[in-house]
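Here are some notes for a colleague who wishes to read this model from its core outwards. They take up strand pairing, the nonpolar core, the aromatic rings and the cysteines in turn.

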Amino acid sequence: MDDRREGEIALDFDPVTRKDASVAFIGHIQTPWTSRDEAPRNVIEARERSTEPARITLDPAFAPGLAGLAGHSHVVVLYWMDKARRDLIVQCPRHSAGPRGVFSLRSPLRPNPVALAAVPLLSVDIETGVLTVGPLDCLNGTPLIDIKPYYVSTDCHPTASSP
């Protein structure tokens, strides 16, 4: 079944078959969202709709990698939107006046469904490998790719703009 909207363009191949590299999932994210229909569209909407923080659980082998993270107020979380369609290269978002290329959108529908969010770091437990962070816009059980500290000195761009 083809569920493309008018004006959308899909790739004529499956991007999953192109193996240039691999990604090791290092854990999973727990959120209150269990279906794509109920999930928020972005982190701002997640914060507006839920006071429940997200819980990130690392696989035990990666827990020692949390050393030194506790002093940070925010982290950047990279996660794999594993339920997202991967073949749309031009999309027609409901919020847009017309078709837009996937690389001009933050949509999870992309060849590599990598999502990122900068969120408050609420707690770190190295022993259990569990982080508590602000609300995230992903489904419960979403695979975790990476966690990075957020640095105001390098990650904040006060003069940035977008159309």
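1. Two strands are taken to pair if DSSP finds at least two bridges between them. The model is predicted, and what follows should be read with that in mind. With this criterion, β4 and β7 are paired, since 7 bridges join them, and the two strands run antiparallel. Within this part of the structure, Tyr 79 stands opposite Ala 115 in β7.

2. On which strand does β7 find a further antiparallel partner? It pairs with β8 in the antiparallel sense, over 4 bridges, and Leu 121 has Val 133 in β8 as its bridge partner. The two strands β7 and β8 form a hairpin that leaves 4 residues between them, and Gly 129 in the turn has a positive phi of about 70°.

3. The largest nonpolar core has 25 residues, and those with the most contacts inside it are Ile 29, Ile 56, Val 77, Tyr 79, Val 133, Leu 136 and Ile 147. Two or more residues of this core are given by each of β3 (54–58), β4 (74–80), β7 (114–125), β8 (130–133) and β9 (142–149), and the largest share, 4 residues, comes from β7. Two residues from the pairing described above recur in that list of contacts, namely Tyr 79 and Val 133. As background, nonpolar side chains in soluble globular proteins tend to be buried together.

4. How many aromatic pairs does a search of the whole structure find? The search finds 1, and it is formed by Phe 25 and Trp 80, whose rings are tilted at 55° between the planes and lie 6.0 Å centre to centre. Phe 25 lies in the loop between β1 (9–10) and β2 (27–30) whereas Trp 80 lies in strand β4, so the pair ties together parts that are 55 residues apart in sequence. The two partners fall into separate classes of burial: Phe 25 is partly exposed, because its relative accessible area is 34%, while Trp 80 counts as buried because its relative accessibility is 13%, the cut-off for buried being under 20%.

5. The cysteines deserve a separate remark, as the structure holds 0 disulfides. Is Cys 138 buried or exposed? Cys 138 counts as buried, because its relative accessibility is 0%. Cys 156, by contrast, counts as partly exposed, because its relative accessibility is 37%, which lies between the limits of 20% and 50% that bound this class.

Note on methods
Residues are numbered from 1 along each chain as its sequence is written. This is a predicted model: local features need pLDDT of at least 70, side-chain atom pairs count only at pLDDT 80 or more; totals for chains, interfaces and linings use all residues. Side-chain values use heavy atoms; hydrogens and water are left out. A nonpolar core is a set of buried Ala, Val, Leu, Ile, Met, Phe, Trp, Tyr and Cys residues joined through side-chain atoms within 4.5 Å. Buried means under 20% relative accessible area, exposed over 50%, partly exposed in between (1.4 Å probe, protein chains only). A disulfide is a pair of cysteine sulfur atoms within 2.5 Å. Rings of Phe, Tyr and Trp (its six-membered ring) pair if their centres lie within 6.5 Å; planes under 30 degrees apart count as stacked, over 60 as edge-to-face and the rest as tilted.
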